[in-house]
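Please open the structure in your viewer and follow the selections below in order, beginning at a single residue and ending with the whole chain.

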Amino acid sequence: MRLAVISDIHGNLEALEQVLADIDRSGVDETVCLGDMIGYGPDPRAVIGRVQKREIPCVAGNHELAVIDPACMLEMNLYARISLEFTRGMLSGKDLDFIRRLPPFLVLHECRFVHGFPPDSPIEYLSRIPQNRMRQVMGRMTENICFVGHTHLLGRVEFDGTDLKRTGFKGDPLFLKQNLRYIVNAGSVGQPRDPDKRAKYVIWDTKTKTVEPRYVDYDRRKTAGKIRDAGLPEIHAHLLL
Ligand SMILES: [Fe+2]
(Lines give C-alpha, C1' and ligand atoms only; values in the text may rest on other atoms or scores of the structure.)
Protein backbone atom coordinates (compact mmCIF):
# COMPACT_ATOMS: atom_id res chain seq x y z
CA MET A 1 0.00 0.00 0.00
CA ARG A 2 1.13 3.54 -0.73
CA LEU A 3 0.08 6.14 1.83
CA ALA A 4 0.59 9.87 1.21
CA VAL A 5 1.14 12.00 4.33
CA ILE A 6 0.53 15.72 3.90
CA SER A 7 0.92 18.39 6.57
CA ASP A 8 0.91 22.13 7.25
CA ILE A 9 -0.98 23.26 4.15
CA HIS A 10 -1.64 26.61 5.85
CA GLY A 11 -4.31 27.97 3.53
CA ASN A 12 -2.13 27.56 0.44
CA LEU A 13 -4.59 26.32 -2.19
CA GLU A 14 -2.16 26.46 -5.13
CA ALA A 15 0.33 24.22 -3.30
CA LEU A 16 -2.39 21.78 -2.18
CA GLU A 17 -3.86 21.43 -5.67
CA GLN A 18 -0.48 20.57 -7.18
CA VAL A 19 0.26 18.14 -4.34
CA LEU A 20 -3.09 16.39 -4.85
CA ALA A 21 -2.34 16.15 -8.59
CA ASP A 22 1.07 14.63 -7.75
CA ILE A 23 -0.64 12.17 -5.38
CA ASP A 24 -3.04 11.19 -8.18
CA ARG A 25 -0.08 10.47 -10.50
CA SER A 26 1.90 8.51 -7.88
CA GLY A 27 -0.17 5.37 -7.33
CA VAL A 28 -1.24 6.46 -3.85
CA ASP A 29 -3.98 4.37 -2.20
CA GLU A 30 -4.76 6.64 0.72
CA THR A 31 -3.86 10.10 2.08
CA VAL A 32 -3.67 11.34 5.68
CA CYS A 33 -3.33 14.99 6.77
CA LEU A 34 -1.37 15.96 9.89
CA GLY A 35 -3.19 19.26 10.55
CA ASP A 36 -2.50 22.98 10.22
CA MET A 37 -4.70 23.19 7.13
CA ILE A 38 -5.26 26.85 8.00
CA GLY A 39 -3.37 29.94 9.20
CA TYR A 40 -0.79 32.10 7.34
CA GLY A 41 -2.39 31.56 3.91
CA PRO A 42 -5.22 33.25 2.02
CA ASP A 43 -7.51 30.26 1.26
CA PRO A 44 -8.42 28.43 4.49
CA ARG A 45 -11.98 27.61 3.40
CA ALA A 46 -10.99 26.23 0.02
CA VAL A 47 -8.26 24.08 1.63
CA ILE A 48 -10.71 22.66 4.19
CA GLY A 49 -13.15 22.08 1.31
CA ARG A 50 -10.59 20.05 -0.69
CA VAL A 51 -9.69 17.92 2.36
CA GLN A 52 -13.39 17.27 3.06
CA LYS A 53 -14.23 16.52 -0.58
CA ARG A 54 -11.51 13.88 -0.75
CA GLU A 55 -12.47 12.57 2.70
CA ILE A 56 -8.85 12.79 3.84
CA PRO A 57 -8.55 11.78 7.52
CA CYS A 58 -6.98 14.69 9.42
CA VAL A 59 -5.77 15.41 12.95
CA ALA A 60 -5.93 18.80 14.68
CA GLY A 61 -2.95 21.13 14.37
CA ASN A 62 -2.16 23.99 16.72
CA HIS A 63 -3.56 26.46 14.17
CA GLU A 64 -6.90 24.62 14.13
CA LEU A 65 -6.95 24.68 17.93
CA ALA A 66 -6.19 28.41 17.99
CA VAL A 67 -9.35 29.35 16.04
CA ILE A 68 -11.60 27.46 18.48
CA ASP A 69 -9.72 28.03 21.77
CA PRO A 70 -8.68 31.54 22.90
CA ALA A 71 -6.04 30.06 25.26
CA CYS A 72 -4.30 28.41 22.28
CA MET A 73 -4.54 31.66 20.30
CA LEU A 74 -2.63 33.45 23.08
CA GLU A 75 0.24 30.96 22.68
CA MET A 76 0.79 32.05 19.06
CA ASN A 77 3.30 34.65 17.93
CA LEU A 78 2.02 38.01 16.71
CA TYR A 79 2.10 37.24 12.96
CA ALA A 80 0.38 33.89 13.43
CA ARG A 81 -2.32 35.58 15.55
CA ILE A 82 -2.94 38.24 12.88
CA SER A 83 -3.38 35.58 10.20
CA LEU A 84 -5.53 33.40 12.46
CA GLU A 85 -7.88 36.30 13.28
CA PHE A 86 -8.27 36.77 9.51
CA THR A 87 -8.78 33.02 9.09
CA ARG A 88 -11.41 32.80 11.83
CA GLY A 89 -13.31 35.67 10.19
CA MET A 90 -13.46 33.72 6.93
CA LEU A 91 -14.57 30.36 8.31
CA SER A 92 -18.24 29.35 8.40
CA GLY A 93 -20.00 27.73 11.37
CA LYS A 94 -19.77 24.42 9.52
CA ASP A 95 -16.01 24.85 9.04
CA LEU A 96 -15.60 25.50 12.78
CA ASP A 97 -17.72 22.43 13.62
CA PHE A 98 -15.49 20.36 11.33
CA ILE A 99 -12.41 21.74 13.13
CA ARG A 100 -13.91 20.95 16.56
CA ARG A 101 -14.35 17.33 15.52
CA LEU A 102 -10.71 16.82 14.43
CA PRO A 103 -9.04 14.21 16.66
CA PRO A 104 -5.66 14.87 18.39
CA PHE A 105 -4.20 11.75 16.77
CA LEU A 106 -5.08 8.89 14.45
CA VAL A 107 -3.87 5.30 14.21
CA LEU A 108 -4.23 3.85 10.72
CA HIS A 109 -2.43 1.00 8.98
CA GLU A 110 -0.30 0.38 12.10
CA CYS A 111 1.06 3.95 12.03
CA ARG A 112 0.32 6.86 14.36
CA PHE A 113 -0.41 10.34 13.01
CA VAL A 114 -0.13 13.42 15.24
CA HIS A 115 0.58 17.07 14.49
CA GLY A 116 3.42 17.76 16.93
CA PHE A 117 4.78 14.86 18.95
CA PRO A 118 3.55 11.42 20.03
CA PRO A 119 1.45 10.23 21.56
CA ASP A 120 -1.00 13.11 21.03
CA SER A 121 0.52 16.62 21.28
CA PRO A 122 -0.40 19.22 18.64
CA ILE A 123 1.98 21.73 20.25
CA GLU A 124 5.37 20.15 21.00
CA TYR A 125 8.08 20.44 18.32
CA LEU A 126 9.98 17.26 17.45
CA SER A 127 13.16 19.29 17.01
CA ARG A 128 13.03 20.61 20.59
CA ILE A 129 12.52 17.33 22.46
CA PRO A 130 15.51 16.45 24.71
CA GLN A 131 17.19 13.06 24.11
CA ASN A 132 16.02 11.52 27.41
CA ARG A 133 12.39 12.35 26.79
CA MET A 134 12.65 11.18 23.18
CA ARG A 135 13.96 7.81 24.42
CA GLN A 136 11.14 7.51 26.97
CA VAL A 137 8.38 8.37 24.51
CA MET A 138 9.75 6.21 21.69
CA GLY A 139 10.23 3.34 24.14
CA ARG A 140 6.51 3.51 24.96
CA MET A 141 5.23 3.91 21.39
CA THR A 142 2.48 1.43 20.60
CA GLU A 143 3.16 1.65 16.85
CA ASN A 144 6.59 1.35 15.19
CA ILE A 145 6.04 4.44 13.02
CA CYS A 146 4.66 7.84 13.93
CA PHE A 147 4.26 10.64 11.39
CA VAL A 148 4.42 14.24 12.64
CA GLY A 149 4.29 17.72 11.11
CA HIS A 150 4.53 21.10 12.91
CA THR A 151 8.25 21.85 12.28
CA HIS A 152 7.59 22.15 8.51
CA LEU A 153 10.82 20.17 7.93
CA LEU A 154 11.58 16.71 6.56
CA GLY A 155 13.28 14.55 9.15
CA ARG A 156 13.33 11.27 10.99
CA VAL A 157 14.25 9.87 14.37
CA GLU A 158 15.31 6.21 14.56
CA PHE A 159 15.31 4.33 17.88
CA ASP A 160 16.62 0.80 18.39
CA GLY A 161 15.71 0.58 22.08
CA THR A 162 18.98 2.20 23.18
CA ASP A 163 20.36 4.62 20.61
CA LEU A 164 18.63 7.52 18.91
CA LYS A 165 19.55 8.81 15.48
CA ARG A 166 18.09 12.12 14.37
CA THR A 167 18.55 13.24 10.78
CA GLY A 168 16.90 15.34 8.12
CA PHE A 169 16.31 13.65 4.80
CA LYS A 170 15.89 14.71 1.21
CA GLY A 171 16.27 13.18 -2.20
CA ASP A 172 16.43 9.42 -1.88
CA PRO A 173 13.68 7.40 -0.19
CA LEU A 174 14.35 6.51 3.42
CA PHE A 175 14.34 2.77 4.21
CA LEU A 176 12.68 1.97 7.55
CA LYS A 177 14.17 -1.14 9.15
CA GLN A 178 11.86 -3.71 10.64
CA ASN A 179 11.59 -3.82 14.44
CA LEU A 180 13.05 -0.31 14.91
CA ARG A 181 10.88 2.62 15.85
CA TYR A 182 10.61 5.79 13.82
CA ILE A 183 9.19 9.26 14.01
CA VAL A 184 8.98 10.76 10.52
CA ASN A 185 8.60 14.50 10.04
CA ALA A 186 6.60 14.99 6.84
CA GLY A 187 7.56 18.56 5.82
CA SER A 188 5.05 21.23 4.82
CA VAL A 189 2.82 21.59 1.78
CA GLY A 190 2.19 25.30 2.10
CA GLN A 191 4.74 27.19 4.26
CA PRO A 192 8.40 26.16 3.77
CA ARG A 193 10.91 26.71 6.56
CA ASP A 194 13.96 25.60 4.56
CA PRO A 195 15.66 26.97 1.43
CA ASP A 196 13.75 24.62 -0.93
CA LYS A 197 10.50 26.48 -1.45
CA ARG A 198 8.60 23.69 -3.20
CA ALA A 199 5.61 21.99 -1.56
CA LYS A 200 6.72 18.86 0.28
CA TYR A 201 5.03 15.71 1.48
CA VAL A 202 5.95 12.03 1.86
CA ILE A 203 4.71 8.68 0.54
CA TRP A 204 5.01 5.66 2.87
CA ASP A 205 5.20 2.44 0.86
CA THR A 206 4.39 -0.55 3.06
CA LYS A 207 5.77 -3.04 0.52
CA THR A 208 9.22 -1.49 -0.03
CA LYS A 209 9.30 -0.10 3.57
CA THR A 210 10.40 3.27 2.28
CA VAL A 211 9.36 6.84 2.95
CA GLU A 212 9.76 8.87 -0.22
CA PRO A 213 10.02 12.66 0.03
CA ARG A 214 8.06 14.39 -2.73
CA TYR A 215 8.82 17.92 -3.94
CA VAL A 216 6.15 19.71 -5.95
CA ASP A 217 6.36 22.99 -7.86
CA TYR A 218 3.41 25.33 -7.88
CA ASP A 219 2.67 28.99 -8.62
CA ARG A 220 4.27 30.48 -5.49
CA ARG A 221 4.03 34.03 -6.84
CA LYS A 222 0.27 33.69 -7.18
CA THR A 223 -0.13 32.58 -3.54
CA ALA A 224 2.25 35.30 -2.31
CA GLY A 225 0.21 37.87 -4.26
CA LYS A 226 -3.01 36.64 -2.64
CA ILE A 227 -1.41 36.88 0.83
CA ARG A 228 -0.44 40.50 0.12
CA ASP A 229 -3.83 41.37 -1.42
CA ALA A 230 -5.60 39.98 1.65
CA GLY A 231 -3.49 42.24 3.90
CA LEU A 232 -1.95 39.26 5.69
CA PRO A 233 1.55 39.68 7.20
CA GLU A 234 4.18 40.13 4.47
CA ILE A 235 6.46 37.58 6.13
CA HIS A 236 4.18 34.73 5.05
CA ALA A 237 4.36 35.83 1.40
CA HIS A 238 8.12 36.40 1.66
CA LEU A 239 8.71 32.87 3.01
CA LEU A 240 7.17 31.36 -0.14
CA LEU A 241 9.57 33.13 -2.55
FE1 LIG B 1 2.31 24.60 10.90
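## From one residue to the whole chain

Begin by selecting Asp36, which is buried in this predicted model, its relative accessible area being 1%. Next select His152, which is likewise buried, with a relative accessible area of 4%.

Now add the iron ion to the selection, together with its protein donors, which are Asp8 (OD), His10 (NE2), Asp36 (OD) and His152 (NE2), at 2.0 to 2.3 Å from the ion. If you trace these donor residues along the sequence, their spacing reads D-x1-H-x25-D-x115-H. Asp36 sits in the loop between β2 (30-33) and α2 (44-53), while His152 belongs to the loop between β5 (145-148) and β6 (154-159), so this pair ties together parts that lie 116 residues apart in sequence.

Keep the site in view and turn to its angles: the four donor atoms subtend 82 to 174 degrees around the iron ion, and the arrangement is therefore irregular.

Finally, select the protein chain and colour it by secondary structure, which shows nine helices and eleven strands. Its radius of gyration is 17 Å, close to the 18 Å that the globule rule gives for 241 residues, so the chain is as compact as a globular protein of that length. The C-alpha trace spans about 50 × 40 × 30 Å along its principal axes, and 54% of the 241 residues count as buried. If you display contacts with a separation of 6 or more, 73% of them join residues 24 or more positions apart. With the surface switched on, the protein chain exposes about 10800 Å², of which carbon and sulfur atoms supply 49%.

Definitions and conventions. Residues numbered from 1 in each chain as written. Predicted model: local features only at pLDDT ≥ 70, side-chain atom pairs only at ≥ 80, totals over all residues. Heavy atoms only, no water. Donors = N, O, S within 2.8 Å, 3.2 Å for Na, K, Ca; no water. Tetrahedral: all angles 85-135°; square planar, octahedral: opposite > 155°, others 65-115°. Helix = DSSP H or I, 4+ residues; strand = E, 2+ residues; numbered from the N terminus. Buried < 20%, exposed > 50% of the residue type's maximum accessible area, 1.4 Å probe, protein only. Rg over C-alpha atoms; globule rule 2.2 N^0.38 Å. Contact = heavy atoms within 4.5 Å. Areas by Shrake-Rupley, 256 points an atom, 1.4 Å probe, with all protein chains shown as cover.
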